[in-house]
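I opened my notebook on this one and wrote down what I looked up, entry by entry. Here are the notes, for anyone who wants to follow along.

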Protein chains: 2
Amino acid sequence: MTKKNEPLARLDGKLTMIGFGSIGQALLPLLFRHFGLKPADVKIVKPGEDRSGLARELGVEVIPVRLEEGNFAAVLEPLVDKGDFLINLSVDVSSLALVKLCRERGALYLDTCNEPWGGRYDDPGLPPSRRSNYSLREEVLAWRLDKRSGPTAVITQGANPGLVSALLKQALLNIAADTHAELEAMPASYEDWAALAQQLGIKVVHIAERDTQVAKARKQRGEFVNTWSVRGFVDEGLQPAELGWGTHERHWPADAARHGFGSDAAIYLKRPGIGTRVRSWTPLEGPYHGFLVTHAESISIADHLTLRKDGQVVYRPTVHYAYHPSDDAVLSLHEMAGKNWQLQHRQRIVRDEIAEGMDELGVLLMGNPKGAYWYGSRLTIEQARELAPANSATSLQVVAGILGGMSWALCHPDAGLVEPDDLDHRVMLEAAMPYLGEVAGVYGDWTPLKERSPLFDEEKDEDDPWQFLNFRVA
Amino acid sequence: MTKKNEPLARLDGKLTMIGFGSIGQALLPLLFRHFGLKPADVKIVKPGEDRSGLARELGVEVIPVRLEEGNFAAVLEPLVDKGDFLINLSVDVSSLALVKLCRERGALYLDTCNEPWGGRYDDPGLPPSRRSNYSLREEVLAWRLDKRSGPTAVITQGANPGLVSALLKQALLNIAADTHAELEAMPASYEDWAALAQQLGIKVVHIAERDTQVAKARKQRGEFVNTWSVRGFVDEGLQPAELGWGTHERHWPADAARHGFGSDAAIYLKRPGIGTRVRSWTPLEGPYHGFLVTHAESISIADHLTLRKDGQVVYRPTVHYAYHPSDDAVLSLHEMAGKNWQLQHRQRIVRDEIAEGMDELGVLLMGNPKGAYWYGSRLTIEQARELAPANSATSLQVVAGILGGMSWALCHPDAGLVEPDDLDHRVMLEAAMPYLGEVAGVYGDWTPLKERSPLFDEEKDEDDPWQFLNFRVA
Ligand SMILES: NC(=O)c1ccc[n+]([C@@H]2O[C@H](COP(=O)([O-])OP(=O)(O)OC[C@H]3O[C@@H](n4cnc5c(N)ncnc54)[C@H](O)[C@@H]3O)[C@@H](O)[C@H]2O)c1
Ligand SMILES: NC(=O)c1ccc[n+]([C@@H]2O[C@H](COP(=O)([O-])OP(=O)(O)OC[C@H]3O[C@@H](n4cnc5c(N)ncnc54)[C@H](O)[C@@H]3O)[C@@H](O)[C@H]2O)c1
């Protein structure tokens with residue numbers, strides 16, 4: 001396993017980072033640690049000066065520009081050339097536009113979220129389908145169709161989306177080993193992985209995350225507190241709730257819709273993810289209500305784990321996020337919901353003021369007779385601080401995914417546009433492991449029907465605990 | 001107005017208090033202040049010793065007994081005699097059983113919640129209607145039918161239920177004055193009040209409460225934190241959501257039911273109140289999501305404000321609670337919901353450790369053209385501490401209601417069983433006012449349709465903002 005201070009890969013060109021918020025700051029020191037870069041090799045593009053002081057402290061130049069559709073090419077072309085690396089850690093800057101630019105310039109690219117230009121997520125003039133991650137992904141896939149090679153662009157490679165695609169593959173292998181399932185060789189294609197998931201009886205996959213980090217100072221009235229981007233969270237939280245839709249599902253949600261184009265691997269609900277609760281489980285939290293916030297991995301994992309026979313879909317798990325953000329973020333959402341999703345004026349991303357807590361982030365695989373299997377990272381704030389400066393547990397898990405994605409891209413510089421599911425999970429995990437704290441795999445007998453309150457009748461399907469109907473909180 | 005240290009009425013007999021939790025402790029010192037009682041005149045009955053130390057400090061004897069159906073008469077008969085006062089501030093002790101005992105003994109009675117014997121609220125073998133406050137009230141009213149006089153028993157007279165019935169009457173008078181409505185004389189009967197409410201166009205009444213009190217120490221995992229009884233809150237929170245059902249309502253909720261007996265003033269939803277969110281508004285909080293927790297006042301106010309013509313109901317407002325408990329209580333509910341309403345093992349009622357905040361508790365009257373009118377108490381923790389020992393803002397508002405109820409009972413000792421709506425609101429407010437902090441009446445242009453997010457379609461009735469459909473959070 002890579003040690004924390006070992007170089008992962010060598011970047012000989014320059015690196016430009018767009019955005020320098022909670023993730024950008026968290027990544028910067030590790031760029032020097034792992035990729036043989038020197039401060040002069042790195043530039044940061046963001047609107048306004050860096051108020052964190054970290055860029056100056058590390059000797060990195062900040063170019064204080066807000067990228068927009070009209071200026072991004074002019075700003076970036078002088079910075080991004082053949083062999084260079086563009087890392088996009090901003091909000092409101094179109095991933096596809098940057099990918100195209102990098103392709104023209106011959107540069108590598110990575111982001112942690114497939115973003116559109118600002119104003120699309122919350123344009124009520126657009127139908128929900130157009131505001132979905134599904135449609136953003138389909139636009140990227142459509143563009144990729146005739147370009148299977150070229151400068152590598154890794155999209156949506158953070159923790160989730162990102163690392164969780166690797167955790168999922170490892171989790172499938174772990175269940176196979178633990179249940180002595182027949183496995184002739186390491187799966188090598190999507191179909192192999194899908195066949196393995198089917199063989200193991202996996203019907204549902206959650207990205208099951210419980211963030212218990214809390215700062216000393218409580219959330220104040222009119223304030224949104226989060227452990228990572230408030231804007232990023234609110235943007236995705238107000239997109240429609242989206243989920244990969246499994247072949248075992250028998251109850252079509254009354255508020256659901258299909259997109260009518262593209263892979264058809266996922267559906268959306270006509271409501272925001274931060275207004276949609278689902279039952280889930282992590283080993284340390286136990287059962288909890290999480291928010292069904294849309295994420296790229298809900299769609300890409302479901303798509304990649306689809307099996308077809310004679311053109312018909314015969315297997316696909318249901319896949320979605322079940323996010324229990326930090327307590328102050330839960331309260332922030334509650335307040336925001338009460339104000340019809342008007343974002344609070346004050347926003348606070350906590351990091352150095354975090355007093356305690358951990359981010360328990362993993363994949364939860366359900367359907368195998370051995371029980372629900374959670375596999376993931378338990379990273380405490382103390383561990384995160386010991387492992388890297390300028391991090392919380394949340395940001396370091398994201399950075400762990402980025403490191404894997406970057407080193408993969410540097411070793412495969414002509415792979416074209418790839419998603420986390422396209423990457424070798426062993427490379428990802430090797431790069432990430434030193435930063436994940438305890439990585440645990442735990443079986444539980446939890447199901448969404450377990451120990452339901454007998455006080456009120458609820459609509460449920462007792463015949464199959466793994467129906468989405470049973471997960472959803474009515 | 002009564003000054004804070006003035007005697008309210010004289011109690012010449014003895015006083016027995018059942019229960020000595022957050023409300024009992026809050027009331028005890030004020031008994032001496034306002035009713036000419038001495039420590040030797042008061043006894044407390046509760047299970048186990050008083051661990052707060054307050055009873056000993058004030059020189060009051062504690063009789064350490066858990067009252068049950070089988071022992072309550074034997075325990076209480078030696079303590080309760082003609083001219084005495086029994087104050088019930090416990091949970092799980094039947095109000096009706098105590099009322100009957102007091103009637104036999106010739107003693108006065110008051111409680112702040114119409115409680116059944118333990119085990120009824122959460123008996124899944126009982127249909128929801130039997131677990132409702134509606135049915136508890138109907139049982140009391142049925143018993144009262146042939147006993148219109150006799151020793152006064154004031155039931156459900158705390159803050160809410162209790163004081164809010166008086167605030168509502170004053171609010172009606174305030175709106176009448178502010179809108180120059182014709183008002184020939186002070187309303188003297190239920191019909192008069194109902195006619196006034198109808199005349200003013202009131203369609204909906206919320207008990208709109210936002211508690212912002214927070215302790216220094218945050219809620220821990222597996223802990224329920226509240227500013228008053230955790231047991232009391234969870235008990236009522238797991239009863240069906242109940243609301244007085246107004247004559248203007250045009251949309252029957254899919255999960256609603258009528259009881260099929262009694263006044264028919266209220267309906268219930270087949271789900272717990274702490275799982276049911278509604279939109280509401282207070283002047284300081286602005287719009288918020290509250291919990292539609294069942295309360296006696298939702299039913300009694302709706303019943304008392306009903307107008308009939310030729311036996312047909314022609315007017316009734318919709319009445320319910322919209323409770324935004326303290327932030328840590330919101331988080332406690334969220335955690336508990338995630339665990340299928342299994343109550344956390346650890347419970348903490350905060351009082352002396354509260355660091356800041358206020359209880360903003362009032363009635364919100366909607367439908368008058370001048371706008372939504374909130375009238376109520378804004379009591380900060382600092383004010384509460386200055387006004388009385390052993391209190392939070394929440395408990396002192398409850399005590400304020402109790403003081404009014406007790407003094408009314410002492411002045412009207414032969415009124416039989418009465419509800420808050422039966423009491424003279426002027427007497428109530430005069431007794432309570434010194435303890436309510438700022439009492440404010442504020443108009444707002446808020447409606448549950450105001451500034452809805454345009455991002456997703458929601459089922460709503462644009463023709464009448466005051467439909468329950470528009471208040472309910474789907
Ligand atoms: N995949 C994952 O696991 C994961 C996790 C966390 C965050 N993210 C994503 O990473 C991105 C960054 O997150 P964060 O927490 O650092 O966000 P942040 O809000 O803390 O920082 C965003 C940064 O982008 C900059 N920015 C905003 N608009 C810009 C523009 N037009 N041009 C250039 N820069 C601009 C801001 O100034 C800021 O420096 C977001 O897209 C977020 O969704 C992904
Ligand atoms: N109307 C209102 O505004 C209002 C507001 C707050 C509380 N309340 C009600 O007041 C009551 C007391 O509230 P609290 O916050 O003081 O509750 P608490 O939980 O703090 O205290 C309850 C007390 O009752 C005692 N008790 C429990 N079971 C008993 C039994 N079988 N026999 C005798 N005593 C018993 C407990 O030992 C404790 O002393 C509850 O019914 C609550 O619903 C009403």
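Before the first helix entry I fixed one term: contact means heavy atoms within 4.5 Å. I also noted that this is a predicted model.

**Entry 1: the sheet in chain B**

With that contact term in hand, I looked up helix α4 (residues 95-105) of chain B, which lies across β1, β4, β5 (108-111), β6 (150-154) and β22 of chain B. The helix runs at about 165° to β5(B). Next I wanted the strand order, and I found an open sheet of 7 strands, β3-β2-β1-β4-β5-β6-β22 of chain B, with parallel pairing. Its edge strands are β3 (61-64) and β22 (415-418) of chain B, each of which pairs on one side only. From one strand to the next, the twist averages 20°.

I then checked one pair inside the sheet. Strand β1 (residues 15-18) and strand β4 (residues 85-88) of chain B are parallel and share 4 bridges. Within this pair, B:I18 is set opposite B:N88 of β4(B).

**Entry 2: the sheet in chain A**

Turning to chain A, I read off an open sheet of 7 strands in the order β3-β2-β1-β4-β5-β6-β22, with parallel pairing. Here β3 (61-64) and β22 (415-418) of chain A have a single partner strand each, so one side of each has no neighbour in the sheet. Ignoring direction, neighbouring strands are turned by 20° against each other on average.

For a pair at the edge I took β2 (residues 42-46) and β3 of chain A, which pair in the parallel sense over 4 bridges. The bridge partner of A:I44 in β3(A) is A:V62. Helix α4 (residues 95-105) of chain A packs on this sheet and touches β1 (15-18), β4 (85-88), β5 (108-111), β6 (150-154) and β22 of chain A. The direction of α4(A) makes about 165° with that of β5(A).

**Entry 3: A:D414, just ahead of β22**

I found A:D414 in the loop between α12 (393-411) and β22 of chain A. Is A:D414 buried or exposed? Its relative accessible area is 49%, so it counts as partly exposed. The C-alpha atoms of A:D414 and A:R148 are separated by 9.0 Å, although the two residues are 266 residues apart along the chain. Setting aside residues up to four places away in sequence, A:D414 touches A:S149, A:G150, A:P151 and A:T152.

**Entry 4: buried elements in chain B**

How many residues of helix α9 (residues 296-304) of chain B are buried? I got 9 of the 9, so the helix is largely enclosed by the rest of the structure. Among them are the charged-side-chain entries I went to look for, B:E297 and B:D303.

Strand β10 (residues 240-244) of chain B gave 5 of 5 buried, so this strand too is largely enclosed by the rest of the structure. Both of its faces are covered, with B:P240, B:E242 and B:G244 on one side and B:A241 and B:L243 on the other. An antiparallel partner, strand β12 (residues 266-272) of chain B, is joined to β10(B) by 4 bridges. In that pairing B:L243 has B:I267 of β12(B) as its bridge partner.

**Entry 5: B:R218 and its contacts**

B:R218 lies in the loop between β8 (214-215) and β9 (223-226) of chain B. At 12% relative accessibility, B:R218 counts as buried, since the cut-off is under 20%. Leaving aside neighbours within four places in sequence, its contacts in chain A include A:R218, A:K219 and A:D328. In chain B, its contacts include B:E223, B:D328 and B:R348.

**Entry 6: cavities**

I counted 9 cavities of 30 Å³ or more, and the largest has a volume of about 90 Å³. Which helix supplies the largest share of its lining? It is α6(A), with 4 residues. Helices α6 (163-178), α7 (190-199) and α9 (296-304) of chain A each give at least two lining residues. By class, the lining has 6 nonpolar, 2 polar and 2 charged residues, and W193, K169 and D421 of chain A are among them.

**Entry 7: backbone oddments**

The peptide bond between A:N160 and A:P161 is cis, with omega about 0°, and A:P161 is in the loop between β6 and α6 of chain A. In chain B, a cis bond also runs from B:N160 to B:P161, with omega near 0°.

How values were computed
Residues numbered from 1 in each chain as written. Chains lettered and ligands numbered in written order. Predicted model: local features only at pLDDT ≥ 70, side-chain atom pairs only at ≥ 80, totals over all residues. Heavy atoms only, no water. 1 Å grid on protein atoms, 1.4 Å probe; cavity = no way out; pocket = protein on both sides within 12 Å on 5 of 7 lines; lining within 4 Å. Points joined across faces, edges and corners; volume = space filled by probe spheres on them. Pairing = 2+ DSSP bridges. Axes fitted to C-alpha atoms, helices over the stretch in contact; angles between N-to-C directions. Buried < 20%, exposed > 50% of the residue type's maximum accessible area, 1.4 Å probe, protein only.
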